[in-house]
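Notebook open, structure loaded. I want to look at a pocket, a helix pair and the domain layout.

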Amino acid sequence: MAHHYDRILIGGRLTAPSTDRVAQVVSPSTEEVIGHVPLASTEDIDAAVGSARQAFDAGPWPSWTVSRRAAALRDLADRLDTRAAELAELAMAETGSPRGFAEGYFAVAPSHYLRFYASLAEEFVFEEERVNGPTRTLIVREPVGVVVAIPAWNGPLTLTAQKIAAALMAGCTVVVKAPVQDPLACHVFAEVVAESQVPEGVISVFAADVAESEYLVAHPGVDKVSFTGSTAVGARIAEVCGRDIRRTTLELGGKSAAIVLDDADIDTAVPALVGCGAAFMQGEICTAQTRILLPRARYEEFTEALARHMSTLPIGDPADPATVIGPLISEAHRARVEEYIALGRKEGATVACGGGRPKGLTTGWYLEPTLFTDVTNDMRIAQEEIFGPVVVAIPHDGPDHAVELANDSPYGLSGTVWTQDEDAALRIARRVRTGTFSINSYTLDINAPFGGSKKSGIGRENGPEGLDDYLEPKSIALSGAPLNG
């Protein structure tokens, strides 16, 4: 079934774009064109930002009570839920997500984010009074203004909901720039917004090419940019926004380390390590555990078990419930990952399993889950984000050495430790420089802050901290001792 859209959402209204330029959407599993969406022009962007600016400066959205905004978000969530099956099918078709992931993360999580922030904001302290001697000060947390939300292609609607749920409950208005690779689910969201209780001007949604996207990021009517994607693009956004001291939240790349200690149970750890690494949506996830740090004494035992497990992962049609490894997002991206596999061989690492295209799958941008052994932490395959089903196994000589290796990275997004000693696990968790960390699992909690250190980003999403990222504190002195002139 083809999904062709001829309108974009400008300020809550589905509107004809100003040009006839479109982005074709190609299925990564069939290589067929499955739809197209309009590409926004600078004229369309001006209209979207102008609408958001008007809705923020003149209302009504920022002046609505928190409970009224929460009701609008819950209405939006309810309407999204009626299209959950459609959203799951689109995730499989346009992103290549395996069915299990599509039916959860892609189809259900967006409405979950909307409801979560609706409830959280109702309990959030937006105003408080502080007393310091003769001085009484009212602290008011006000919305930052017009927000540009730019989700990555590996979860476009869920990442959109993550950003805008917090921004909207803060009282901001939002312009969403959908990815050109897989914008169809975002256009379903645009249709839902147009039917919802959210007033005009508050939300715009469209896809745009690189030049127009930079025009949007640099637009003088924008107060903040929230971006999820590569570190290279994030650095460019920070540069553009820095010229005007524009606020940013940047959730960027990762090269996360899974630290395995001597006492780890191999039968429990290996499937979990693969599940949060190569099998985590084909490794196209910024938090994937792609550096596995193994105790030297058990290195061969673990790498053999990892290779056996990875070699059995079903690869194929994302719609097949048995599929674990779907296709990569595009032919160009698969070629990039293959270049890293060739580089790993050149650097002297050994391909313990995978390393090529799966036999029998001549259509679609598939790649075998690949494990590199004989890897040192200074190799490029250990330092650079590959963003595919490729993991590297590196030996360590104990907890201190493992922490040193984990921290020897330009990234600091996520990490894990695998051991039966909870005290040792917590000591390691405190020492690894990352924004998130998990013990004997990979866990992402919507109620806990998510983000990175170093080149993995700036700011936090999720939890109360995610809401706070869209607010500006203002101090209003109610009384106090006058200054002596």
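Before the pocket, a note to self on helix names: helices are DSSP runs of H or I with at least four residues, numbered from the N terminus. Also, this is a predicted model.

Entry 1, the pocket. I pulled up the second largest pocket and got about 250 Å³ of space. I count 14 residues in its lining, and the closest to its centre are S27, I34, E89, M92 and A93. Which helix gives the largest share of that lining? That's helix α3 (residues 84-95), with five residues. I sorted the lining by class and found seven nonpolar, four polar and three charged residues.

Entry 2, the domains. I checked the domain assignment, which gives domain 1 (3-253 + 456-474) and domain 2 (257-439). Their contact takes 25 residues from domain 1 and 27 residues from domain 2. Taken over C-alpha atoms, the centres of the two domains are 31 Å apart. Back to the pocket for a second: its lining draws at least three residues from each of domain 1 and domain 2.

Entry 3, what α3 packs on. I looked at α3 against helix α7 (residues 184-195): the angle is about 155 degrees, and the axes are 9 Å apart. Angles over 145 degrees count as roughly antiparallel, so α3 and α7 are roughly antiparallel to each other. From α3 I listed E86, L87, L90 and E94, which meet L184, A185 and V188 in α7. By class, the residues of this contact come out as five nonpolar, no polar and two charged.

How values were computed: Residues are numbered from 1 along each chain as its sequence is written. This is a predicted model: local features need pLDDT of at least 70, side-chain atom pairs count only at pLDDT 80 or more; totals for chains, interfaces and linings use all residues. Side-chain values use heavy atoms; hydrogens and water are left out. On a 1 Å grid over the protein atoms alone, a cavity is a set of points where a 1.4 Å probe fits but cannot get out, and a pocket is an open set with protein on both sides within 12 Å along at least five of seven lines; lining residues have an atom within 4 Å of a point. Grid points are joined across faces, edges and corners, and a volume is the space filled by probe spheres set on the points. Helices (H or I, at least four residues) and strands (E, at least two) are DSSP runs, numbered from the N terminus. Ala, Val, Leu, Ile, Met, Phe, Trp, Tyr, Cys and Pro count as nonpolar, Asp, Glu, Lys and Arg as charged, and the others, Gly among them, as polar. Domain bounds come from an automatic or database domain assignment. Axes are lines fitted to C-alpha atoms, for helices over the stretch in contact, and angles run from 0 to 180 degrees between N-to-C directions. Angles under 35 degrees count as roughly parallel, over 145 as roughly antiparallel, 65 to 115 as roughly perpendicular and the rest as oblique. Contact means heavy atoms within 4.5 Å.
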